Amino acid sequence: MTYLTLPDTTEHRLSFYLAMEEHAARTLRLADDAFFMWQVAPTVILGRNQVIENEVNLDYCRRAGIGVYRRKSGGGCVYADRSNVMFSYVTRSDQVTCTFNRYIQMVVDMLHGMGIDASSSGRNDILIGGRKVSGNAFYHTAGYSIVHGTMLYDTDMQNMVAAITPSVDKLVAKGVQSVRQRIALLKDYTDITLDAFMRHVRHSLCESEHLLTDDDVAAIARLEKGYLTDDFIYGHSPAYSVTRRRHIDGVGEVEVRMTVKGGRIESLNILGDFFLVGDMDRHVIQPLLGAPLRQDTLAALLPEGMDDIIRGLRTGDLIDLLTDH
């Protein structure tokens, strides 16, 4: 297998490495399978068909500076940071399932070579002691199969739970405890450092190297643009309807019914036993149609004096209800 190396050590966004996989499949035409590893700043990666609002705490990610991207493979939402490492494998094959199983076994065998008792699950995970240390996904393009996945050497558990669990802050501590019981960290099973582990992986799996050129990097950057559009990140979310209801002191029962498509509000109605004192359609409903369902965007579009429209209602209360906070 051939290891793909970039011409410099610049750290890129996750989207760059996804584009690098695709570039390798579409352009390089290597005689051998290709493999490379990469690390990123704190980032959440959505599966191709996931609804972003169901999987990601977008407000937490913005506050914590965590990037949010979508990949072209299926599977679930994962969190990555510099304390773990990501694997990418590209091979000329139309037999996606066979390729995926071969890759999983290859990684399991590599861990066995370190004296780690790893095993594969029935679906897409690699386990140590029954706990997940690696999750993987795959897709097919241009006569090639691409497999990519995480390898948890270590990670920021607080960020992992808060970023990919749309829950209130008071549940994060319990979530950390729960997730920690289900995942394995390689640092608990080996004495070697993360850098030493990455060297071991490369030398175990690859016999040769292919150095990418500056032209390759430029081509990857052009391909990356498609991963960075709102249409790709948010637009793969199917339309869905949601109803949220809450009792707000001094206001009464407030219920919102809306249709969301691609992360944007397509339709909205606000019902309840509150006292309407202003033009809700003009000042609330119409400004929000087509808007991303994000707290910062809603705050910029809604009037500060919501009490002039619905008696006793604060703008923040409505935003919390719309975003289920």
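User: Hi! Is D317 buried or exposed?
Analyst: Hi there! D317 counts as buried, because its relative accessibility is 17%, under the 20% cut-off. Keep in mind that this is a predicted model.

User: Sure. Which residue does D317 form a salt bridge with?
Analyst: The partner is R314, and the closest N and O atoms of the pair are 3.1 Å apart.

User: And R314, buried or exposed?
Analyst: R314 is exposed, since its relative accessible area is 58%. The pair therefore joins a buried D317 to an exposed R314.

User: Nice. Switching over to K187, what does its side chain meet in a salt bridge?
Analyst: That would be D154, with 3.2 Å from N to O.

User: Where do those two lie, and what does the pair tie together?
Analyst: K187 is in the loop between α6 (172–182) and α7 (194–205), while D154 is in the loop between β10 (144–151) and α5 (157–164), so the salt bridge ties together parts that are 33 residues apart in sequence.

User: How accessible is K187?
Analyst: K187 has 37% relative accessibility, so it counts as partly exposed.

User: What about R202, which residue is its salt-bridge partner?
Analyst: R202 pairs with E209, and their closest N and O atoms are 2.8 Å apart. R202 counts as partly exposed at 27% relative accessibility, and E209 is also partly exposed, at 48%.

User: Which residues are linked in a network of salt bridges?
Analyst: Happy to list them: D59, R62, R294 and D296 are linked that way.

User: Last one, how many salt bridges does the count come to?
Analyst: The count comes to 14 salt bridges.

Conventions:
Residues are numbered from 1 along each chain as its sequence is written. This is a predicted model: local features need pLDDT of at least 70, side-chain atom pairs count only at pLDDT 80 or more; totals for chains, interfaces and linings use all residues. Side-chain values use heavy atoms; hydrogens and water are left out. A salt bridge is a side-chain nitrogen of Lys or Arg within 4 Å of a carboxyl oxygen of Asp or Glu. Helices (H or I, at least four residues) and strands (E, at least two) are DSSP runs, numbered from the N terminus. Buried means under 20% relative accessible area, exposed over 50%, partly exposed in between (1.4 Å probe, protein chains only).
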